[in-house]
Amino acid sequence: MDMESEPDFKDSMAHLRHDWGSLPVYCIDGASAHEIDDGLSVERANSADSASPEWWAHIHIANPTAYLPRDHPMSKMARHMGESVYMPERAYMMLPRWATQGHFSLAPDRPCLTFSARLNERGEIIEQKIRSGLIRNVTRLTPSEVTQIVGLNRNQGEEVVLTVGGKPPPAPERISPVSNLKPHDVENLKALQLLAERRATFRNAAGGLFFNVQKPEVAVWQSYNKTGLGWDHPYRNGSRIVEGDPIIRATTSPLRNWFSAAQNTSADILVREMMLLACEISTAWCAERQIPTIYRGSVAKADLMPAEAFYDSTVAPAMALNDGEMPLHIALDYLRHVGSIVLTTKPLKHRLLGLNHYGKVTSPLRRYGDMILHWQIEAALREEARTDTSLVTSDPDASRSFLPFSEPVLKTIILGLQPRESIVSRAKASAEQFWINMLLFRAHHYGEAELPQTLRCYVPQAGWAGFSLNVVAEELNLDFRMTRPERGTVAVMVGDVWECKLVSVNCYDTFRMVEPIRLVSRYDGRKKNSNTHTLLLKLACYLDLTIAFSSSLNVNQLW
């Protein structure tokens, strides 16, 4: 009998699970999402007429590790994979879909690990808890539905959709639950939105930086019935014939300032802040108990001013002069001062997020590092229940022999995990760029889609690579290589916007070449520049921020 038909999963936390009963749990994710990692709940912690209102915010996370010990075959495969890899042509899952969708993905009557924070009206954490739980009353919502419900939609600009190869199949029909929501559901979501905005303000005061990566979404169809490319097993005894080119669709939007608050929808803020809250609770809880796990923080560069000092002396005054918005050149300089993001077994401040404790904990269905944090927490919960004693201590040498991972073992894991995460991030970016190049190649050279006659190309950084440099087409939010202007014309400067013409797309070298026609505008040092892409994306990857901050990143985000 195979594992799928007889999985024999045993819940190691069954005796400790808190039944959340009728408490509404809101799972906010795209309509096409299959593995649901997280859900949100909120409760008043004091009376509604209190002069100092407080709430309990609960973040419920899928709980596969309660059923999969670290030496389980699936756990070993998860360590080998590191994380699920999502590419336009195919998804390579860390855990098999039959297990995640059939047993662990959040749904009614499913297990969870809940991270709870008692918050005051300023977004400060007064009390925190972690409990194994069981959720019953689950509602799935899309980000756009949450934005509609909360009523704080912000203009995100017009979508640009490029398609080659035919008409993509329609999305599966979905019955929206919005019409069935009760008044208390609307009030709950508004309360969560309020708390998320207060948390954002709280982190901002601690030096946290916010930006929303408006990353193009790419989809591929080889078959009209299924997204992605078909799977073919290795075959040496003959040939296979594939007729026709795949359908490729890129959905993007005009380039806008990543650091503008207007780029965040209500759902962006709500999900981002609640997930970061769970990440902070998990690592602060472990730090109080001297539990080694995978913490993430920033290490400053020795030759630069400390990030806190740079924020106080340069960032804060600049934001005050720009209606609270961080000017682009200041933001880039601040990112340099924040330094590199590293993995460690001890708590380390994450300056970019404005958090003293941070570790990824919200996606154990698709990231092995998150599974490690869950295993450590669950072992501590069982030990506290067994001894009926809190493990909170200031003794760094307190025995932690009950943990599945010792600190030396974690250090060994980190040596392989951090570079693997970087490799996966680059592989996903390369796959997306490959399909975007294929789309533009077929559109430009074979006329399969209409492209703008000219492009407004922004220059985000200095530095010519031979006879070209990186620019970003504002209309498409895609990077190109711009050739040098003709001799004797205006010199190219950082912050320029040039009108350009697309001349070639090289799929092999992944170059998309444009020729400058004329200078449209030049950054004058005073206005807020709203454009950049390439440099920020490179910095984001360097800083382990491939998500960071957008559901369009889907992303595979900071949380």
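How many of the six residues of strand S18 (residues 478-483) are buried? Five of them are, which leaves the strand mostly covered. The views below come from a predicted model.

**View 1. Strand S18 has a partner strand in S17 and another in S20.**
Strand S17 covers residues 468-473. S17 and S18 run antiparallel, and six bridges join them. Look for Val472, which stands opposite Asp479 in S18. Together S17 and S18 form a hairpin, with four residues between the two strands. One residue in that turn is Asn477, and its phi is positive, about 55°. Strand S20 (residues 511-521) also pairs with S18. Here the sense is parallel, and the pairing has two bridges. In this pair, Met482 stands opposite Val514 of S20. A general point helps when you trace side chains. In a regular strand, they alternate between the two faces of the sheet.

**View 2. Strand S14 pairs with strand S15.**
S14 takes in residues 295-299, and S15 takes in residues 340-344. The two strands pair in the antiparallel sense, over five bridges. Pick out Gly297 and follow the bridge to its partner in S15, Val342. S14 is mostly covered, with four of its five residues buried.

**View 3. Gln290 sits in the loop that comes before S14.**
This loop runs between helix H5 (266-288) and strand S14 (295-299). Gln290 is not a glycine, yet its phi is positive, about 55°. Is its surface buried, exposed or in between? Gln290 has a relative accessible area of 24%, so it counts as partly exposed. The cut-off for buried is under 20%, and exposed means over 50%.

**View 4. Helix H8 is mostly covered.**
H8 spans residues 368-387. Of its 20 residues, 16 are buried. Does its length agree or disagree with the expected span? At 1.5 Å a residue, the helix should span 28 Å. Its end C-alpha atoms are 29 Å apart, so the two values agree. Just after the helix comes Asp388, with a positive phi near 55°.

**View 5. Ala379 lies in helix H8 and touches residues from further along the chain.**
Ala379 has a relative accessible area of 5%, so it is buried. Leaving out residues up to four places away in sequence, Ala379 touches Phe402, Leu403 and Pro404. Take Leu403 as an example. Ala379 and Leu403 are 24 residues apart in sequence. In space, their C-alpha atoms are 5.7 Å apart.

**View 6. Asn188 makes a polar contact with Tyr26.**
Asn188 belongs to helix H4 (residues 183-205). Its relative accessible area is 15%, so Asn188 is buried. Which residues does Asn188 touch, not counting those up to four places away in sequence? They are Pro24, Tyr26 and Val42. With Tyr26, the contact is polar: side chain meets side chain at 3.0 Å. Now find Glu43. Asn188 and Glu43 are 145 residues apart in sequence, but 7.9 Å apart in space, C-alpha to C-alpha.

**View 7. Asp8 has a positive phi, near 55°.**
Asp8 is a residue other than glycine. Where does it lie? Asp8 is in the segment before strand S1 (18-19). Its relative accessibility is 58%, so Asp8 counts as exposed.

**View 8. Cysteines are here, but the disulfide count is zero.**
Cys457 is in no disulfide. The nearest cysteine sulfur belongs to Cys500, and it is 3.8 Å away. A disulfide needs two cysteine sulfur atoms within 2.5 Å. Cys457 has a relative accessible area of 0%, so it is buried. Cys286 is another cysteine to find; at 0% relative accessibility, Cys286 also counts as buried.

**View 9. The whole chain has 559 residues.**
Its secondary structure comes to ten helices and 20 strands. Buried residues make up 53% of the chain. The accessible surface comes to about 25,600 Å². Of that surface, 52% belongs to carbon and sulfur atoms.

Conventions. Residues are numbered from 1 along each chain as its sequence is written. This is a predicted model: local features need pLDDT of at least 70, side-chain atom pairs count only at pLDDT 80 or more; totals for chains, interfaces and linings use all residues. Side-chain values use heavy atoms; hydrogens and water are left out. Buried means under 20% relative accessible area, exposed over 50%, partly exposed in between (1.4 Å probe, protein chains only). Contact means heavy atoms within 4.5 Å. A polar contact is a pair of N or O atoms within 3.5 Å; within protein, one must be able to donate a hydrogen and the other to accept it, and residues adjacent in sequence count only if both atoms are side-chain atoms. The expected span of a helix is 1.5 Å times one less than its number of residues. Accessible areas come from the Shrake-Rupley method with a 1.4 Å probe; for residues, only the protein chains shown count as cover. Two strands pair if DSSP finds at least two bridges between them.
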